[in-house]
Amino acid sequence: ELLGLARRAGKWCGEFWPGDLRWGSEPLMSAVTMAVQPQSPGAMVQACRLCGGEVTQFLRWGRLPRANGFLRRTDFAEESFHHSAFGVCTTCWLCQRIGDDLLPSDLFSESYPYFTASNSQMVAYYKQMAHDLRVRWHPLTVCEIGTNDGTLLQHFADVDHVGYEPSSNVAQVAKDKGLRIEDAFFNPVTATRYPPHSMDMIVVCHSFTHIPILHALMEGITYL
């Protein structure tokens, strides 16, 4: 059973971090536990994404279809599902989703359906947010993780900037606005495309919770 879980976790991490990456002196997959296993009928337990403690389930959603998976009727038979629940770490008390972790490519692809600019409330919110950030911090170099179509990053187009966006269709829209975009997931490897400590500001809006391996995410952020 554990071997099967490790294989699934290895396949997941292989898309985010190809190669023999290490966390300290240990292989990344040994240091970050992605395994989810039955604790009792209808319950799941996993290692906390933050501290490694035990996560106890308190809410179960059951079998769910993939988010934003808008299908034609002829494709219904091929729809993918995953089991999902919510739990809390009994050590650090971080609440987090537990269940089957979908592959990044299942969620973020060339057909990603959500464009931030289609939401007028988000457009106004990001404009005000960018203004507030610039007034308070006066950044000269800005990195955004999860840029989508550049609705926020466009307000930093006049300073040195970069956005990371793995969904190629929305990334292209951001590029068409004249923004510098990396068509890639942000991680400790892709972060090194830029010099260390080169960013005055790193912005992550509505993307942090999509990335389950938090320590590796913060490793990339700390580098920049």
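Q: Where is the place of Trp 61?
A: In this predicted model, Trp 61 sits in strand S5, which spans residues 54-65.

Q: Is Trp 61 buried, partly exposed or exposed?
A: Trp 61 counts as partly exposed, because its relative accessibility is 43%, and the buried class ends at 20% while the exposed class begins over 50%.

Q: Which residues form a nonpolar patch on the surface with Trp 61?
A: Phe 58 and Leu 59 join Trp 61 in that patch. Together the three have about 320 Å² of accessible area.

Q: Turning to the interior, which residues touch the most other members of the largest nonpolar core?
A: Met 129, Val 142, Leu 152, Phe 156 and Val 203 do, in a core of 17 residues.

Q: And which elements give two or more residues to this core?
A: Helix H4 (120-137), helix H5 (168-176) and strand S11 (201-204) do. H4 supplies the largest share, five residues.

Q: What is Met 129 in contact with, leaving aside neighbours within four places in sequence?
A: Met 129 is in contact with Leu 152, Val 203 and Cys 205.

Q: What other core lies apart from it?
A: There is another core of twelve residues, including Ile 145, Tyr 164, Phe 186 and Ala 191.

Q: On to the sheet: in what order do the four strands come?
A: The order is S10-S9-S8-S11, in an open sheet with parallel pairing.

Q: Why is one side of S10 and of S11 left without a neighbour in the sheet?
A: S10 (181-182) and S11 stand at the edges and have a single partner strand each, so one side of each has no neighbour in the sheet.

Q: How many bridges pair S8 and S11?
A: Four bridges link S8 (residues 141-145) with S11, in the parallel sense. As one of the residue pairs, Cys 143 has Ile 202 in S11 as its bridge partner.

Q: What about Val 204, buried or partly exposed?
A: Val 204, which lies in S11, counts as partly exposed because its relative accessibility is 25%. Its C-alpha atom is separated by 6.7 Å from that of Gly 146, although the two residues are 58 apart along the chain.

Q: Back to H5, then. Which of its residues are buried?
A: The buried residues of H5 are Asn 169, Val 170, Ala 171 and Ala 174. S10 is included in what covers the buried residues of H5.

Q: Which residue takes a positive phi just after H5?
A: Gly 178 does, with a phi of about 85 degrees.

Key: Residues are numbered from 1 along each chain as its sequence is written. This is a predicted model: local features need pLDDT of at least 70, side-chain atom pairs count only at pLDDT 80 or more; totals for chains, interfaces and linings use all residues. Side-chain values use heavy atoms; hydrogens and water are left out. A nonpolar core is a set of buried Ala, Val, Leu, Ile, Met, Phe, Trp, Tyr and Cys residues joined through side-chain atoms within 4.5 Å. Buried means under 20% relative accessible area, exposed over 50%, partly exposed in between (1.4 Å probe, protein chains only). Contact means heavy atoms within 4.5 Å. Two strands pair if DSSP finds at least two bridges between them. Patches are made of residues with over 30% relative accessible area and no salt bridge: like charges are joined within 9 Å, nonpolar side chains (Val, Leu, Ile, Met, Phe, Trp, Tyr) within 5 Å. Accessible areas come from the Shrake-Rupley method with a 1.4 Å probe; for residues, only the protein chains shown count as cover. A salt bridge is a side-chain nitrogen of Lys or Arg within 4 Å of a carboxyl oxygen of Asp or Glu.
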